[in-house]
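Dear colleague,

Please find below the structure for your review. My notes on the interface follow it.

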Amino acid sequence: MEAVMFYVLAAITLISAIFVVFLRRPVHNVVFMIVTMIGLAGLFLLLHAEFVAMVQLIVYAGAVMVLFLFVIMLLNLETVNPAQDARAARMWVGALLSLGFLVLMGPVLKMIFPSGPTVGAAAFQPGMSNTEIVARELFTTYLLPFEIVSVLLLAAIIGTVIVSRKRSG
Amino acid sequence: MVTLQHYLFLSAVLFTLGVAGVMIRRNLIVILMSLELMLNAVNLSFIAFAKYLDSIEGQIFVLFIMVVAAAEVAVGLAIGVAVFRQRGTVDVNDINLMKW
């Protein structure tokens, strides 16, 4: 059952990721990116990371992708920029290089874990939800990084507003 | 039986697709999207490691990666909008003022 779920979700994720990279129109790319995000959220659920799965759905599929869509609508790319992607030579170089990268990664992955280690249970006690465990870690051990990240978000907000505001001159 | 290998391989393929997108596509927004794809591939391997090595740290790390990715997308898209206002295009072949 778990294996079937994994293969279905992996297929959804991979196929829509291929569409993200190779479809011409940016709007289609965004739509398939959302499908990829949903597939990944399903995989996270399968890995018993319920909180992260929900954050993935809300933040990525919800907020980030809507931001992408919003900018595409704002720029109105369909009329201004009719998809001048991929001169043939560059496309083949890119495809070959990334395939080489994949081939390079294969033995590295095999080397780290020759046979998959067994599933433990200590971090996944019964009676404690995943959200509870994550929250406990986040607000005790990782409290300082958590606070620093809020400063990072503030900096990003200010930077975004300043960079994208209309110059009056 | 789904092992760690399966997840790592899926993650590697997703990451490679992201790399291919960055190298093949010339649209600034699609390149940013491919970056997101790579970050998500890394997230997947973090979560898989968290499960199979039986520790919660991977999931915490993924939350931080998501925050950084959201900040990166916001700033990147703002830069994209600013560039579009200046040059009237988001094709990275035409945005080469600081390249050479």
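In this predicted model, helix α6 of chain A and helix α3 (residues 57–87) of chain B pack at about 75 degrees, with their axes 10 Å apart. The axes are lines fitted to C-alpha atoms, for helices over the stretch in contact, and angles run from 0 to 180 degrees between N-to-C directions. α6(A) and α3(B) are therefore roughly perpendicular to each other (65 to 115 degrees; under 35 counts as roughly parallel, over 145 as roughly antiparallel, and the rest as oblique). Helices here are DSSP runs (H or I, at least four residues), numbered from the N terminus. Asn130(A), Val134(A), Glu137(A) and Leu138(A) of α6(A) are in contact (heavy atoms within 4.5 Å) with α3(B) through Glu57(B), Gln59(B), Ile60(B), Leu63(B) and Phe64(B).

Helix α7(A) meets the same helix of chain B at another angle: α7(A) and α3(B) pack at about 10 degrees, with axes 9 Å apart. That makes α7(A) roughly parallel to α3(B). Among the residues that meet are Phe146(A), Val149(A) and Leu153(A) in α7(A), and Val67(B), Ala71(B) and Val75(B) in α3(B). This contact divides into 16 nonpolar, two polar and one charged residue (Ala, Val, Leu, Ile, Met, Phe, Trp, Tyr, Cys and Pro count as nonpolar, Asp, Glu, Lys and Arg as charged, and the others, Gly among them, as polar).

A third pair is α3(A) with helix α2 (residues 28–52) of chain B, whose axes come within 12 Å and cross at roughly 175 degrees. That makes α3(A) roughly antiparallel to α2(B). Twelve nonpolar, three polar and one charged residue make up this contact.

Turning to the interface as a whole, 85 residues from chain A and 71 residues from chain B take part in the contact. The two chains bury about 7100 Å² between them, 77% of it on carbon and sulfur atoms (accessible area, 1.4 Å probe, lost on being put together, summed over both). There are zero salt bridges between chain A and chain B (side-chain nitrogen of Lys or Arg within 4 Å of a carboxyl oxygen of Asp or Glu).

On conventions, residues are numbered from 1 along each chain as its sequence is written, and chains are lettered from A and ligands numbered from 1 in the order written. Local features need pLDDT of at least 70, side-chain atom pairs count only at pLDDT 80 or more, totals for chains, interfaces and linings use all residues, and side-chain values use heavy atoms, leaving out hydrogens and water.

Yours sincerely

Conventions
Helix = DSSP H or I, 4+ residues; strand = E, 2+ residues; numbered from the N terminus.
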